[in-house]
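Okay, thanks for coming, everyone. Let me put the model up on the screen and then walk you through it piece by piece.

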Amino acid sequence: MTPSIFEQVRGIASDILGVPAGKITVASSPETIESWDSMQHLNLVLAIEERFGVQLSPEEIEQMNNIGLVAALVEKKVSSVSR
Amino acid sequence: MPSEHKSRNLREEVDRLIGDGTSDLAAQRLTELWRRDPGSAAAAFVTSRLDQLGEKLPLQKFKVAILRSFTVEPIVPLLRAEALAYGMNLAVHVGDFNAYVQELLDGAGSLYRFAPDAVILAVRTADLAPDLWQQFADLSPDAARGAAERVVRSFEQWVAAFRERSQAALIVHSLEQPRNTSLGVLDSQSESGQSGVIRQINRELRRIAAGYRGIYVLDYDSLVARHGRESWHDERKWLMARLPIAADHLLHMAREWMRFVMPLSGRVAKALVVDLDNTLWGGVIGEDGMTGIKVGPEYPGSAYQALQRTLLDLSRKGILLAVCSKNNLDDAMEALDQHPGMLVRSKDFAAVRINWTDKSQNLREIAQELNIGIDALAFVDDNRFEREQVRAALPEVAVIDLPENPLEYAAAARDCPVFERLTLSAEDQQRTAMYAGQKARAGAEQSFQSKEDFFRFLEQEAEIAPVSDLTLARVAQLTQKTNQFNLTTRRYSEQQVAEMAARPGWQVLSIKVRDRFGDHGLVGVAITHDEGEQCEVDTLLMSCRVIGRTIETAFLSHLAKRAAGRGCKGLVGWFLPTKKNAPAREFYAQHGFQRQDSNSDGSLWSLDIECSPLRCPEWIKLELKDRELTKGGRH
């Protein structure tokens with residue numbers, strides 16, 4: 001995964017979840033971040049779709065269980081869009 | 001990504017400023033951050049910091065309630081961030097999911113307890129009329145008509161129930177058309193098809209809204225069409241989260257709501273100041289000359305003509321136009337008045353500054369010349385440096401960022417929500433002509449020895465009348481917009497003005513003024529109510545374009561005379577100081593009132609009518625109208 005996508009995802013998550021970017025790691029998840037509830041999950045999805053110009057399926061949205069998985073998913077979607 | 005870093009740095013700076021207690025600067029940085037990168041992530045950051053700063057910021061507060069049949073929560077931060085960029089702190093109340101009917105009807109419920117300034121009723125065709133939306137092919141023509149009538153009746157009942165319970169503005173989403181009609185192209189062959197029936201409902205909705213004050217239709221179907229019906233919808237989010245709008249369009253929804261919030265809250269620009277070179281025409285007149293600049297019906301001049309057409313449209317809505325350009329005066333005026341491709345001419349501009357002085361100084365002078373606040377100016381310039389200079393020196397000016405491509409200029413100016421209006425008065429439509437009269441007046445004033453001689457020469461005629469259906473919109477508008485000569489600065493909606501006028505013992509009066517140079521239209525409002533033998537002035541205001549011509553004395557003397565006629569012995573009124581109403585500060589003292597009381601809000605003044613020498617100045621011809629019900633024409 002390129003650092004810039006992870007960095008961007010971390011920035012978005014920091015804004016949406018109200019947690020300093022420095023405290024977010026690939027392992028950050030709804031279990032470790034209290035504010036990450038279902039409404040914030042939706043907001044995170046919307047912010048990612050809007051920023052990267054991608055559309056996430058219900059299955060993909062369900063699997064976004066930590067920041068590392070989110071970044072990997074975005075990486076995959078972005079590369080398939082640009083191809 | 002450098003822009004990513006810049007965004008992060010801005011966020012860190014905001015938090016540092018909040019920590020230091022430098023709230024104003026923090027708010028400025030938040031606005032900058034939002035403008036760089038408007039979207040869901042930035043909106044979440046901006047609103048969380050806005051809530052931290054909260055009361056410390058001198059922002060206008062405005063309360064919006066959203067009643068809905070779908071998920072709107074992700075749009076709320078976008079709306080609040082967008083409002084902050086226009087100097088507002090929006091409080092937003094979201095009604096329970098699909099509970100809009102109960103909420104409209106329950107006078108003691110959470111909607112009315114929130115005491116909103118504006119309410120948005122966001123209901124979709126699919127939720128309100130599922131039969132018309134999904135099963136249209138199953139319906140007989142009679143059944144379809146019946147279904148449409150049922151929807152119209154519901155709207156009628158909801159609007160009436162709302163108006164009984166609240167004086168707030170109500171913004172109703174119109175019904176959208178389906179992406180594909182059930183019968184394909186056959187549907188377009190008659191008005192009783194699916195799209196025809198929905199159009200009919202929307203027509204009825206407009207009729208219902210027009211029957212009330214302060215009820216407005218948001219053309220949701222046009223909004224969706226403008227951004228593309230296919231891309232607007234996101235079926236997966238609808239099924240997952242009851243959110244029917246795709247991520248990319250949530251900001252468009254928020255901005256559409258802002259187009260109503262701005263005029264409702266009075267955040268409007270009264271004048272648009274434009275640059276010339278590479279803004280009003282392509283090229284630089286001082287270098288390219290009359291034959292070199294681009295403006296006309298052909299590309300690329302057509303892009304500049306489109307912007308000029310937009311300027312004319314805005315001026316028809318009562319927005320004054322002004323020029324601020326770094327140029328040689330003669331070159332620029334020749335292009336303005338002689339170039340065959342120009343749609344606007346120098347006569348369309350109420351103020352012109354063509355010189356080499358910096359633009360913020362010119363903008364200050366333009367505001368002064370037009371007698372409006374600096375916060376009532378919008379500014380458009382292709383040059384980024386000029387825009388930033390104005391932004392830094394005069395943060396209250398609405399600076400419009402022009403895109404790189406001139407073909408997009410017209411839309412950028414047109415779509416700026418500071419130009420939205422929800423009602424138009426006769427005065428709005430003639431404002432530019434009125435300012436031309438103003439210039440002639442100022443010229444004449446110079447040539448008289450004494451003020452009195454000048455007043456006699458002006459031949460002013462004033463007409464005082466109770467507020468009527470014809471003048472209600474203008475009267476409410478004046479209470480909302482007048483800042484300088486305004487003794488109490490109480491803001492009222494049309495609905496509130498109508499309600500006061502109907503109250504026993506209350507009077508709502510307006511004054512129209514004309515003189516030898518032209519018609520000023522309706523320029524003043526007085527609201528009074530009798531309490532025993534005292535008549536209290538609730539509101540007294542005058543548009544700044546007539547103050548200092550003794551019209552205010554004529555108006556006040558009439559209030560006193562009228563009060564005496566009703567048996568009142570005294571005339572009393574508060575002066576409530578604001579940042580802007582210094583021109584009214586000495587008004588009561590100058591007219592023989594005695595100070596009775598004062599507190600932290602202001603001072604209370606009173607006049608013993610019988611002993612007062614207050615008279616209408618002899619040079620003003622006063623005409624009184626008791627009733628002005630359905631008279632056509634303005635005089």
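**A walk through chain B and its partner**

Let's start with a helix sitting on a sheet: α10 of chain B, residues 194–210, lies across β4 (169–173) and β5 of chain B, and α10(B) runs at about 155° to β5(B). Before I go on, please keep in mind that this is a predicted model.

So what sheet are we looking at there? It's an open one with 5 strands, in the order β2-β1-β3-β4-β5 of chain B, and the pairing is parallel. At the edges you've got β2 (88–94) and β5 (215–218) of chain B; each has a single partner strand, so one side of each has no neighbour in the sheet. On average, neighbouring strands in this sheet are turned by 25° against each other, if you ignore direction.

If you want to zoom in on one pair, take β1, residues 60–68 of chain B, with β2(B): they pair in the parallel sense over 7 bridges. One spot to click on is B:Lys61, which stands opposite B:Asn89 in β2(B).

Okay, stepping back for a second. How is chain B divided up? Into domain 1 (1–53), domain 2 (59–265), domain 3 (271–419) and domain 4 (446–624). If you take the C-alpha centres of domain 2 and domain 3 of chain B, they lie 36 Å apart.

**The other parallel sheet**

Now scroll along to β8, β7, β6, β9 and β10 of chain B: in that order, these 5 strands form an open sheet, with parallel pairing. The edge strands are β8 (351–355) and β10 (398–401) of chain B, each pairing on one side only. Here the average turn between neighbouring strands is 20°, direction ignored.

On the β8 side, β7 of chain B, residues 320–326, runs parallel to β8(B), and 5 bridges join them. B:Ser325 has B:Ile354 in β8(B) as its bridge partner. How do you get from one strand to the other? Through helix α17, residues 329–338 of chain B: β7(B), that helix and β8(B) make a right-handed β-α-β unit.

Over at the other edge, β9 (residues 377–381) and β10 of chain B are joined by 4 bridges and also run parallel. There, B:Phe379 is matched with its bridge partner B:Val399 in β10(B). And there's a helix on this pair: α19 of chain B, residues 384–393, lies across β9 and β10 of chain B, at about 160° to β10(B).

**Some antiparallel pairing**

Further down chain B, we switch direction. Strand β16 (residues 570–575) and strand β18 (residues 603–608) of chain B pair in the antiparallel sense over 6 bridges, and B:Val572 has B:Ser606 in β18(B) as its bridge partner.

β18(B) also has β17 of chain B, residues 594–598, running antiparallel to it, joined by 4 bridges. What do β17(B) and β18(B) form? A hairpin, with 4 residues between them. Look for B:Ser598 there, which stands opposite B:Ser603 in β18(B).

**Two backbone oddities**

A quick detour into the loops. Most residues other than glycine have a negative phi, and most peptide bonds are trans. Now look at B:Ala115: its phi is positive, about 50°, although it is not a glycine. You'll find B:Ala115 in the loop between α6 (110–113) and β3 (118–122) of chain B.

Then there's the peptide bond from B:Tyr299 to B:Pro300, which is cis, with omega near 0°. B:Pro300 is in the loop between α15 (285–292) and α16 (301–316) of chain B.

**Where the chains meet**

Last stop, the contact between the chains. How many residues does it take from each? It's 19 from chain A and 19 from chain B. On the chain A side, the elements giving two or more residues are α1 (3–17) and α2 of chain A. The largest share of that side, 8 residues, comes from α2(A). By class, the chain A side has 8 nonpolar, 6 polar and 5 charged residues.

Let's look at one helix pair in there. Helix α2 of chain A, residues 38–52, packs against helix α3 of chain B, residues 40–53, at an angle of about 130°, and their axes are 8 Å apart. That angle is why α2(A) counts as oblique to α3(B). From α2(A), the residues are A:Asn43, A:Leu46, A:Ala47, A:Glu50 and A:Arg51, and they meet B:Ser40, B:Ala41 and B:Ala44 in α3(B). Sorted by class, the residues of this helix contact come out as 4 nonpolar, 2 polar and 2 charged.

That's my tour, so over to you.

Conventions:
Residues are numbered from 1 along each chain as its sequence is written. Chains are lettered from A and ligands numbered from 1 in the order in which they are written. This is a predicted model: local features need pLDDT of at least 70, side-chain atom pairs count only at pLDDT 80 or more; totals for chains, interfaces and linings use all residues. Two strands pair if DSSP finds at least two bridges between them. Axes are lines fitted to C-alpha atoms, for helices over the stretch in contact, and angles run from 0 to 180 degrees between N-to-C directions. Two residues are in contact if their C-beta atoms, placed from the backbone, lie within 7 Å. Angles under 35 degrees count as roughly parallel, over 145 as roughly antiparallel, 65 to 115 as roughly perpendicular and the rest as oblique. Ala, Val, Leu, Ile, Met, Phe, Trp, Tyr, Cys and Pro count as nonpolar, Asp, Glu, Lys and Arg as charged, and the others, Gly among them, as polar. Domain bounds come from an automatic or database domain assignment. A crossover is right-handed if, with the strands pointing away from the viewer, the path from the first strand over the helix to the second runs clockwise.
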